[in-house]
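Welcome! Keep the structure open beside you and try each exercise before reading its solution.

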Amino acid sequence: MSRAWVSALPVGVRLAVQITANAKKTEVIGVLDDVLKVRLQAQPIEGKANEALIRYLADMLAVPRSAIKLTHGHFNKRKLLEISAPNLTPETVTHRLLGGAP
């Protein structure tokens with residue numbers, strides 16, 4: 001299975017994410033159409049959903065929030081994030097976010 005949603009960078013990884021805001025709980029749904037689908041409990045106003053996404057990914061991937069940069073999609077459901085962490089690989093990210101699923 002393709003991992004187009006996560007790719008290696010020289011100092012970390014890039015993630016393609018699609019969010020659904022106002023969910024009952026924050027969780028990863030899975031991969032669909034080459035993006036990682038994430039439900040967020042936060043509202044999509046004043047950057048709250050973006051902040052919640054960064055906080056959630058930082059916790060799940062065990063990196064500081066400052067290592068995660070939202071590069072595209074500040075006001076869209078689909079987002080691109082770059083995570084600066086030399087120890088992260090696409091395989092590590094897949095394991096931590098999807099429990100080892102491809």
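**Exercise 1. Find the residue with which Arg 39 forms a salt bridge, and say which parts of the chain the pair links.**

Step 1. In this predicted model, the side chain of Arg 39 meets that of Glu 27, with N and O 2.8 Å apart. A salt bridge needs a distance within 4 Å, so this pair qualifies.

Step 2. Now place both partners. Arg 39 belongs to strand 4 (residues 35-39) and Glu 27 to strand 3 (residues 27-32), so the link, according to the strand assignment, joins distant parts of the chain, 12 residues apart.

Step 3. Check the surroundings of each side chain. Arg 39 has a relative accessible area of 35% and is partly exposed, and Glu 27, at 23%, is partly exposed too.

Step 4. Look for a further partner of Glu 27. Lys 25 forms a salt bridge with Glu 27 at 3.8 Å, N to O, and Lys 25 is partly exposed at 48% relative accessibility. Through shared partners, Lys 25, Glu 27 and Arg 39 become one network.

**Exercise 2. How many salt bridges are there, and which residue pairs with Arg 14?**

Step 1. The count comes to 3 salt bridges.

Step 2. Arg 14 pairs with Glu 82, and their closest N and O atoms are 2.9 Å apart.

Step 3. Arg 14 sits in strand 2 (residues 12-20) and Glu 82 in strand 6 (residues 78-84), so this salt bridge ties together parts 68 residues apart in sequence.

Step 4. Both ends are partly exposed: Arg 14 has a relative accessible area of 29%, and Glu 82 has one of 26%.

**Exercise 3. Work out which strands pair with strand 4, and in which sense.**

Step 1. Start with strand 2, which runs parallel to strand 4 and is joined to it by 4 bridges. Here Ile 19 stands opposite Val 38.

Step 2. Turn to strand 3, which pairs with strand 4 in the antiparallel sense over 5 bridges. In this pairing, Val 31 is opposite Leu 36.

Step 3. Look at the hairpin formed by strand 3 and strand 4. There are 2 residues between the strands, and Asp 33 takes a positive phi near 55° in this hairpin.

Step 4. Finally, ask how covered strand 4 is: 4 of its 5 residues are buried.

**Exercise 4. Compare the expected span of helix 1 with the distance between its end C-alpha atoms, then find what covers its buried residues.**

Step 1. Helix 1 covers residues 48-61, which makes 14 residues. At 1.5 Å a residue, the helix should span 20 Å.

Step 2. The end C-alpha atoms are 20 Å apart, so the two values agree.

Step 3. The buried residues of helix 1 are Ala 49, Asn 50, Ala 52, Leu 53, Ile 54, Tyr 56, Leu 57, Ala 58 and Leu 61. A pattern to keep in mind when you look at them: an α-helix has 3.6 residues a turn, so residues three or four places apart point the same way.

Step 4. The cover over these buried residues includes strand 2, strand 3, strand 4, strand 5 (68-72), strand 6 and helix 2 (90-98).

Step 5. Two examples show the detail. Leu 53 is buried, with a relative accessible area of 1%; beyond its neighbours within four places in sequence, Leu 53 contacts Val 17, Ile 19, Val 38, Leu 40, Lys 79 and Leu 81. Asn 50 is buried at 13%, and with the same kind of neighbours left aside, Asn 50 contacts Leu 70, His 74 and Lys 79.

Step 6. Just after the helix, Ala 62 takes a positive phi of about 55°.

**Exercise 5. Which residues of the largest nonpolar core touch the most other members, and which element gives the most to this core?**

Step 1. This core has 29 residues, and Leu 15, Val 63, Ile 83, Val 93 and Leu 97 touch the most other members.

Step 2. Two or more residues come from each of strand 2, strand 4, helix 1, strand 5, strand 6 and helix 2. Helix 1 gives the most, with 8 residues.

Step 3. Take Val 93 as a case to follow on screen. Not counting residues up to four places away in sequence, Val 93 touches Trp 5, Val 6, Val 13, Leu 15, Leu 61, Leu 88 and Leu 98.

Notes
Residues are numbered from 1 along each chain as its sequence is written. This is a predicted model: local features need pLDDT of at least 70, side-chain atom pairs count only at pLDDT 80 or more; totals for chains, interfaces and linings use all residues. Side-chain values use heavy atoms; hydrogens and water are left out. Buried means under 20% relative accessible area, exposed over 50%, partly exposed in between (1.4 Å probe, protein chains only). The expected span of a helix is 1.5 Å times one less than its number of residues. Contact means heavy atoms within 4.5 Å. Two strands pair if DSSP finds at least two bridges between them. A nonpolar core is a set of buried Ala, Val, Leu, Ile, Met, Phe, Trp, Tyr and Cys residues joined through side-chain atoms within 4.5 Å.
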